[in-house]
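Student: I should like a close look at a single part of this structure and at what surrounds it. Please take one strand as the point of departure and work outwards from there.

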Amino acid sequence: MESQRTILVFGGTGQTGRHLTDLALAAGHRVRVLARTPAKAGPPRAGLDVRQGSVTDDLDLDGLLDGVDSVVSLLGDVQAQRTAMVNTAFVRRLVPAMRRTGVRRFLYQAGALSAPPHGRLTPALWAIRNTIARSYDGQHRDNEAVMRYLADEAMDLEWMVHRAGIGSDGPSKGVLEPTEGTPGIGTFGDCAAYDLRLLDDPTAVHTTSLSAHRKTAYRKTAGRKRADRWTAGR
């Protein structure tokens with residue numbers, strides 16, 4: 001990211017969120033994290049502002065967004081999302097608050113097995129979702145509802161979605177790039193680094209990208225003329 005920003009992170013104490021927070025602070029940015037258990041955000045550090053709370057609480061979203069430049073959502077709760085659209089309900093409250101406070105940039109991380117808005121998964125990804133990843137179906141349905149809401153009702157905001165393929169923690173497997181082909185399986189750190197770059201990429205606005213490591217990713221086309229690109233009026 002080119003200039004110092006204040007980034008509000010939801011899900012900042014999760015596996016990807018902890019990496020994103022560390023990377024953003026190391027780059028000189030300020031990070032505000034909402035955490036049900038603040039101790040999980042790690043030790044106090046310069047530039048880190050931890051607020052106690054949960055996205056299922058009656059939050060003062062305008063207060064949380066005060067002074068913020070960008071918002072990142074890395075939310076995921078497999079158990080809760082089996083029976084409720086937790087993320088969709090929250091994003092539907094977050095977007096109006098962003099409008100009220102003038103915060104425009106929003107990155108939402110979904111999963112590679114979540115279909116793009118009004119689109120379909122490839123047969124291979126559909127098969128994986130409905131077999132070995134079947135227990136995560138509620139999470140993907142919630143992600144899909146969020147993406148449809150953003151594409152249909154929030155085109156005035158500079159939103160972007162990373163449909164990430166995440167395997168595990170551990171050493172980096174390389175640099176992730178947007179892809180039109182088969183998604184790669186990145187580490188939590190790889191995905192966090194990609195999210196930070198995507199957040200500062202104007203060509204990523206209104207896209208729902210998959211990612212793969214640089215050596216296997218499709219070329220990044222000028223203007224991002226891809227099937228997951230959404231334009232006003234579509």
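The request and the reply below concern the strand that holds Leu8.

Student: Which residues is Leu8 in contact with, leaving aside its neighbours within four places in sequence, and what do S1, H1 and S2 make?

Tutor: The model is a predicted one, and the description that follows should be read with that in mind.

Leu8 belongs to strand S1. With a relative accessible area of 0%, Leu8 is buried, because the limit for a buried residue is under 20%. Once its neighbours within four places in sequence are set aside, Leu8 has contacts with Arg32, Leu64, Leu65, Val68, Ser70, Val71 and Val72. The first of these names leads to the adjoining strand, as Leu8 stands opposite Arg32 in S2. S1 and S2 are paired in the parallel sense, with five bridges between them. By contrast, Tyr136 is 128 residues from Leu8 in sequence and 26 Å from it in space, C-alpha to C-alpha.

The connection from one strand to the other comes next. S1, H1 and S2 together form a right-handed β-α-β unit. Thr21 is a residue of the helix in this unit, H1, which covers residues 15-26. Thr21 has 3% relative accessibility and therefore counts as buried. Beyond its neighbours within four places in sequence, Thr21 touches Gly12, Val31, Val33, Arg45 and Leu48.

Strand S2 spans residues 30-35, and five of its six residues are buried, so the strand is largely enclosed by the rest of the structure. In addition to its pairing with S1, S2 is joined by five bridges to strand S3 (residues 48-52), and these two strands run parallel. Within that pairing, Val31 has Leu48 of S3 as its bridge partner. Both Val31 and Leu48 are also among the contacts of Thr21, which places the helix residue against two bridged strand residues.

The nonpolar cores give a second view of the same region. In soluble globular proteins, nonpolar side chains tend to be buried together. The largest nonpolar core here holds 32 residues, of which Phe10, Val71, Leu94, Phe106, Leu150 and Trp159 touch the most other members. Two or more residues of this core come from each of strand S1 (6-10), helix H2 (61-65), helix H4 (86-101), strand S5 (105-111), helix H6 (137-153) and strand S6 (158-164). H4 gives the most, with seven residues. For Leu94, the contacts outside its neighbours within four places in sequence are Phe10, Leu61, Leu65, Val71 and Phe106. Leu65 and Val71 appear in the list for Leu8 as well. Apart from this core lies another, of 23 residues, including Val31, Leu74, Leu107 and Ala192.

H4 also holds Asn87. Asn87 is buried, with a relative accessible area of 3%. Its contacts, leaving aside neighbours within four places in sequence, are Leu75, Gln81, Tyr108, Asp142, Asn143 and Val146.

Several of these elements meet again at the largest pocket, whose volume is about 1,400 Å³. Its lining comprises 49 residues, and those closest to the centre are Leu74, Leu75, Gly76, Asp77 and Gln139. Leu75 is thus a residue of this central group and a contact of Asn87. At least two residues of the lining are supplied by each of H1, S2, helix H3 (78-81), H4, S5, helix H5 (123-129) and H6. H1 gives the most to this lining, with four residues.

Strand S8 (residues 208-213) may be set beside S2. Six of the six residues of S8 are buried, so this strand too is largely enclosed by the rest of the structure. Thr208, Leu210 and Ala212 point one way from S8, while Ser209, Ser211 and His213 point the other way. S8 pairs with S6 in the parallel sense over three bridges, and there Val161 stands opposite Thr208. Four bridges join S8 to strand S7 (residues 176-179), and these two run antiparallel. Pro178 stands opposite Ser211 in S8.

A loop residue provides a contrast with these buried positions. Asp57 is located in the loop between S3 and H2. Its 36% relative accessibility makes Asp57 partly exposed. Asp57 and Trp126 lie 34 Å apart in space, C-alpha to C-alpha, and 69 residues apart in sequence.

To return to the starting point, Leu8 is buried in S1, and S1 is part of the right-handed β-α-β unit with H1 and S2.

How values were computed
Residues numbered from 1 in each chain as written. Predicted model: local features only at pLDDT ≥ 70, side-chain atom pairs only at ≥ 80, totals over all residues. Heavy atoms only, no water. Core = buried A, V, L, I, M, F, W, Y, C linked by side-chain atoms within 4.5 Å. Buried < 20%, exposed > 50% of the residue type's maximum accessible area, 1.4 Å probe, protein only. Contact = heavy atoms within 4.5 Å. Pairing = 2+ DSSP bridges. Right-handed = clockwise from strand over helix to strand, strands pointing away. 1 Å grid on protein atoms, 1.4 Å probe; cavity = no way out; pocket = protein on both sides within 12 Å on 5 of 7 lines; lining within 4 Å. Points joined across faces, edges and corners; volume = space filled by probe spheres on them.
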